[in-house]
Structures are given as structure tokens and as C-alpha cells.
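Take a moment with the sequence and the 3D view. The walk below goes from one residue to its surroundings, and then to another part of the chain.

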Amino acid sequence: MSEQLTLSAEARDRAGKGASRALRREGRVPAVIYGMNEEPQSIHVEEKLLNKLLGTGHFFNSVVMVEVGGKSIRTLAKDVAFHPVSDRPLHADFLRVSEHASVTVAVPVRFENEAASPGLKKGGVLNVVRHDVELIVDAADIPEDVVVDLTGFEVGDSIHISAVKLPKGAKAAIDDRDFTIATIVAPSALKSAEGGEGEAEAEATAE
């Protein structure tokens, strides 16, 4: 399960671009907490602390407890806007969630047992189609990652979501198709050889 993060915040009384610019000059980032049929709450957080949480690599798939005015609010980070040049965070959005709410989060994909893949042992290359997968999970049980076991996969194989053992209680947000997570592709030299063989087979079939 992904760890719970904590972010200290202060209420933001003034709105508007001027007020937001003033906050940023002070090393603060304007933000808003919304959802659960409550009024949106304007806050600001310390830029250094926000960057530290962003650097964990699981900021967007962890519960973030935002502490403001002596109260802890359970949230999910939904969006962070960055400056196009400096890459500094400009604004953040947090969604209120109850402890066991059903939430949709993007969970990173992790591949294991590469040595047990005949295709990779032959020199094939793992082509990752999706680096994360959107899952519907309990907010109190958000997984750190989705593990894809590469055991037995050959060159030319596609690994679909149906072949992946999802964490307990989780289901894929996309349920109308068996989408691809990754493929095992041939290196260029092997591709050329196989392409020649494929053309020969096609010609033989045509005859």
C-alpha cells in the first residue's frame, strides 16, 4: 500500500492573480481543496515541501493529509500546474475523499522476472506501452504499483491487462477492452530476418 503523505497548509483569504503572485514570491503555492459536496477551500502551501512530496514519485497515487487550521483533511492530489520555463509549481488541486471512498488513481507499473522471459533472453526488447494504469480502489488501500510478471513471454507477445494480477480489491478503470501494457519486440537485426521470412511465407502462401 502506498504511504500516506502529510502537507501543512494555511488558509488563503485573498484570491486573484495579484494575490497568487505575492504568495509565490514568498515561496508559497496557491492551492484549492474541493469535493464531497463542500465549498472549495482556498489554501497555500510551502513550495519546498510540495516539491519534496512531488519528488517521492507517488504524490498522485497516495492519500495526502492536508493540515490546515488545526484540522487534517484527507485528500488526493488531482493536479499541479507548473511554470512552462522554470518548472516551479504554480497551483495545486486536492480532492477531498472519505477514508474508504472508491477512487480512481494512476498506479505505476513495475516489471519483474525479466530473466524468466525467453523473448528477452533471446535479445528481445521490452516495449512499455503504459507506464501506469488507472485503477479503481479503496482510498485506504491504494497500491504502490502494479506488478507485471514477464515469466514465459516470447518475442512478439503482447502483455494485456487481463494477464496482470491486480492488487486485492482493485479493478482497472478501463473495462471495455483488454488493453496492452507492454510488448516484447525483436531487436532490429532480428526484425529484419523475421521480416524476410515473413515475406517469403507470404509469397509462398500467395502461390
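Start at Phe94. Its relative accessible area is 0%, so Phe94 is buried. Keep in mind that this is a predicted model.

Which residues form one aromatic cluster with Phe94? They are Phe59 and Phe60. The cluster holds two aromatic pairs by the rule used here, which asks for ring centres within 6.5 Å. Take Phe59 and Phe60. Their ring centres lie 5.2 Å apart, and their planes meet at 75 degrees. Planes over 60 degrees apart count as edge-to-face, so the pair of Phe59 and Phe60 is edge-to-face.

How exposed are these two rings? Phe59 has a relative accessibility of 2%, so Phe59 counts as buried. The cut-off for buried is under 20%. Phe60 has 38%, so Phe60 counts as partly exposed.

Now go from Phe59 to Phe94. Here the centres are 6.2 Å apart and the planes stand at 90 degrees, again an edge-to-face pair. This pair links distant parts of the chain. Phe59 is in the loop between H2 and E4. Phe94 belongs to strand E6, which covers residues 89-96. The two are 35 residues apart.

Stay in the loop and move to Asn61. The loop runs between helix H2 (47-54) and strand E4 (63-68). Is Asn61 buried or exposed? Asn61 has a relative accessible area of 2%, so it is buried. What does its side chain meet? A polar atom of the Asn61 side chain lies 3.5 Å from the backbone oxygen of Pro143.

Next, turn to a sheet. Three strands form it, in the order E8-E13-E11. The sheet is open, and the pairing is antiparallel. Why is one side of E8 and of E11 left without a neighbour in the sheet? Strand E8 (125-128) and strand E11 (158-160) stand at the edges, and each has a single partner strand, so one side of each has no neighbour there. On average, neighbouring strands of this sheet are turned by 20 degrees against each other, direction ignored.

Look at one pairing in detail. E11 and strand E13 (residues 180-185) run antiparallel and are joined by three bridges. Ser158 stands opposite Thr183 in E13.

One last stop is a charge and a ring. The charged end of Arg130 sits over the ring of Phe179. The distance to the ring centre is 4.4 Å.

How values were computed: Residues are numbered from 1 along each chain as its sequence is written. This is a predicted model: local features need pLDDT of at least 70, side-chain atom pairs count only at pLDDT 80 or more; totals for chains, interfaces and linings use all residues. Side-chain values use heavy atoms; hydrogens and water are left out. Helices (H or I, at least four residues) and strands (E, at least two) are DSSP runs, numbered from the N terminus. Buried means under 20% relative accessible area, exposed over 50%, partly exposed in between (1.4 Å probe, protein chains only). A polar contact is a pair of N or O atoms within 3.5 Å; within protein, one must be able to donate a hydrogen and the other to accept it, and residues adjacent in sequence count only if both atoms are side-chain atoms. Rings of Phe, Tyr and Trp (its six-membered ring) pair if their centres lie within 6.5 Å; planes under 30 degrees apart count as stacked, over 60 as edge-to-face and the rest as tilted. A charge sits over a ring if NZ of Lys or CZ of Arg is within 6 Å of the ring centre and within 35 degrees of the ring normal. Two strands pair if DSSP finds at least two bridges between them. Axes are lines fitted to C-alpha atoms, for helices over the stretch in contact, and angles run from 0 to 180 degrees between N-to-C directions.
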